[in-house]
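Trainee: Could you take me through this model step by step, and explain the terms as we go?
Mentor: Gladly; let us put the structure in front of us and begin with the nucleic acid.

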2 protein chains.
Amino acid sequence: MELTERKKKILRAIVDNYIQTAEPVGSKVLSAMPGMDCSSATIRNEMADLTQMGLLEQPHTSAGRVPSPAGYRLYVDELMQDYRLSVDETMSLNQAMELKMQEVDKVISQVSKMVSKMTNLPAMAMTAAANAPTVKRFDLILAGEGSFIVVIMTNSDVVKNRLVKLPVSCTEQDLKLLAAVLNASCTELPPEGFTPELLERVSRSAGAAGALVPIVLDYATHVLSQQSRSEVYVSGQMKLLGQPEYRDIDKAQEVLSSLDSETFSNLPATLADTAKTQILVGPENIAKELKDTSVVMTRFDIGDGMQGLIGVVGPTRMDYAQVTARLSYFAENLGRMFAKPELPPSQGDE
Amino acid sequence: MELTERKKKILRAIVDNYIQTAEPVGSKVLSAMPGMDCSSATIRNEMADLTQMGLLEQPHTSAGRVPSPAGYRLYVDELMQDYRLSVDETMSLNQAMELKMQEVDKVISQVSKMVSKMTNLPAMAMTAAANAPTVKRFDLILAGEGSFIVVIMTNSDVVKNRLVKLPVSCTEQDLKLLAAVLNASCTELPPEGFTPELLERVSRSAGAAGALVPIVLDYATHVLSQQSRSEVYVSGQMKLLGQPEYRDIDKAQEVLSSLDSETFSNLPATLADTAKTQILVGPENIAKELKDTSVVMTRFDIGDGMQGLIGVVGPTRMDYAQVTARLSYFAENLGRMFAKPELPPSQGDE
DNA sequence: ATTAGCACTCAGGATCAGCGAGTGCTAAAA
DNA sequence: TTTTAGCACTCGCTGATCCTGAGTGCTAAT
């Protein structure tokens, strides 16, 4: 069977309408739509064809039609009209973004909250390092009271620190020597590079502060692993409850229970995919519990080989066009924001 | 009317039973309970009295009785039997605690997750500084490439850092001088102490690096405000959906919508209250949306004049005894954990 | 003071009829 | 050949009705 222009038009109309109303749509309302120049009977015939082709489904005999997953797929790939952000929308998006970003330190978690707020759906935000992080620089500061501060700067200019009690007494000179040794031999190494042999070698050449080497390198390993591990934040789970398809608590619970960070942490593999924006419809989804939901995600660049991903989860019947538009816009501005080196949202530990 | 021993016994039995079953409890089941030595008719009379005293309620004429808020109040204040943690429970609590604490950096957020998990209810965790934080020590590290790292240590030994681009070129000597000046005149000051005059005075005496003073002090203000502001984390909101009283989505949504950090940020006022554990029943609650829920919270000490608060939110019909016991145990161990200086869960930026 | 007995109440479940939106098919019209 | 009007049919939803049973309050006997 062939997919004529008219069939496409009807399919699009059905999806659009269903997205709005969440009710099966029948032939009568379709024929009444502007731009539909044929009778309900004709449309019924076409709908029968579309159903046979697997693009539509019928909840029961005497109900209208609903898009099938395949129908949605076709819709998002070919039929969907671009959604243009209104001036109001861009303005409120911008405003939300500006305000929050300055004030708050946990960028990624904030981002996920904002995405959720602006799409009114559960949202996810994560980052992933493209290349293995290394230490660029060690600093050790004597902090009085028998303790010192380890300051570690990674190759992506993230700075982390930790306060450590001194197991042995130590002068500022000792620390300076140790820092020099560490900077000479332990920088630019992948986490696996911190071998016991290296550790021992460094300890020996570090003189009085040699005892501190394990502590410092332990912390370095910790920081590096923390950097390479991608952080995932999920926000606004409860937003799902607003959707009519989740009036049923059990359905809602099933989905909500798998809406945690872990579900998304398997995702990085697909992060580098070709398209900037990716839409997973129903059964194509990342977890079987999400088979009746869709996920829309968009990539953005952070710089230093880091990438970020923001996305939302919603019922298969969601406004893909709108969500995609908002997500893209947001991602774009995020990228721009991170690119500005003079106002880094979080350049350090906060 | 007088509250006889037998009336108390009956009330306790009703609350206990209702907590278990979530169903109104009738005279028949009560009279069948071990320890009840009177007939259902007698109990009916007593229940009528209790209802008149405002301790019980009747959903409808032909149903059993349900505790009223006042009934719960009396129950938690006088009637509740202490719940003893079983060996299994303490073990799994300990285990959960040990494991997670080492691995994870965001302590408070982790704590809230753990509390939620162990009570199977939405949980909240927060900290509050008892006294205003001050800076104890400044360090400035030249980091090559025209940038430097500000390291700030507060009076509670929390260390924070930020990487800043140098607006002017600067030698290590300049930074050292600046640090010395800052340490001499800007430590032990409350956030309000950073006046424009001070800023100018310091700038002048800092020589070549004077231009950096605003940047550093700005960051210091930021850190201090961040420290004094109490962080609130809420986890496991969806756990509410498991409770039978929230089978109705609309009810659930109403409560869930007010289960965010903001609701609890007004709380610190009551944090210093006398009792370690506090129970807010129904209408006594902190927000009107929570009038049909109860909150159980427990304080714990962090040291350095800091306090923490963990709590859970649940239906008024929750197992107060069990929740209280688990919460107290957890709080106690948290306090112990924070008290150990040699293994601080987070002593630094993480 | 307690208890057995009894009439009464009322939420919840099951059953059933009627409505109406929507369909598929057929036959006529374009 | 395609479109359309007409019509019989399907079936989920709504509301009405009835029934059941758990639970009560009251009264009279113990």
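Trainee: Which residues come nearest to DNA strand D?
Mentor: A residue is near a molecule or strand if one of its heavy atoms lies within 4 Å of it. There are 21 residues around DNA strand D, and those that come nearest are Ser39(A), Thr42(A), Ser62(A), Ser27(B) and Arg65(B).

Trainee: What share of the atoms of DNA strand D that come within 4 Å of the protein do sugar and phosphate account for?
Mentor: Before I answer, note that this is a predicted model, in which local features need pLDDT of at least 70 and side-chain atom pairs count only at pLDDT 80 or more, while totals for chains, interfaces and linings use all residues. Residues are numbered from 1 along each chain as its sequence is written, chains are lettered from A and ligands numbered from 1 in the order in which they are written, and side-chain values use heavy atoms, with hydrogens and water left out. For the atoms of DNA strand D within 4 Å of the protein, the share that belongs to sugar and phosphate is 79%.

Trainee: How far is a polar backbone atom of Ser39(A) from a phosphate oxygen of DNA strand D?
Mentor: A polar contact is a pair of N or O atoms within 3.5 Å; within protein, one must be able to donate a hydrogen and the other to accept it, and residues adjacent in sequence count only if both atoms are side-chain atoms. Thr61(A) places a polar side-chain atom 3.0 Å from a phosphate oxygen of this strand, and for a polar side-chain atom of Arg6(A) the value is 2.9 Å. For the backbone atom of Ser39(A), the distance to a phosphate oxygen is 2.9 Å.

Trainee: Which element gives the most to the surface near DNA strand D?
Mentor: Helices (H or I, at least four residues) and strands (E, at least two) are DSSP runs, numbered from the N terminus. Two or more residues come from helix H3 (40-52) of chain A and also from helix H3 (40-52) of chain B. The element that gives the most, with four residues, is H3(A).

Trainee: Which residue has a side-chain N or O atom 3.1 Å from a base nitrogen of DNA strand C?
Mentor: Around DNA strand C there are 20 residues, with Ser27(A), Arg65(A), Ser39(B), Thr42(B) and Ser62(B) coming nearest. Sugar and phosphate make up 80% of the atoms of this strand that come within 4 Å of the protein. The residue whose side chain lies 3.1 Å from a base nitrogen is Arg44(A).

Trainee: How are H1(B) and H4(B) placed relative to each other?
Mentor: The axes, lines fitted to C-alpha atoms (for helices over the stretch in contact), of helix H1 (residues 5-21) and helix H4 (residues 69-79) of chain B come within 10 Å and cross at roughly 105 degrees. Angles run from 0 to 180 degrees between N-to-C directions; those under 35 degrees count as roughly parallel, over 145 as roughly antiparallel, 65 to 115 as roughly perpendicular and the rest as oblique. H1(B) and H4(B) are therefore roughly perpendicular.

Trainee: Which strands stand at the edges of the open sheet in chain A?
Mentor: Two strands pair if DSSP finds at least two bridges between them. This sheet has five strands in the order E7-E3-E10-E9-E8, with antiparallel pairing. Each edge strand has a single partner, so one side of each is left without a neighbour in the sheet, and these strands are E7 (232-235) and E8 (277-280).
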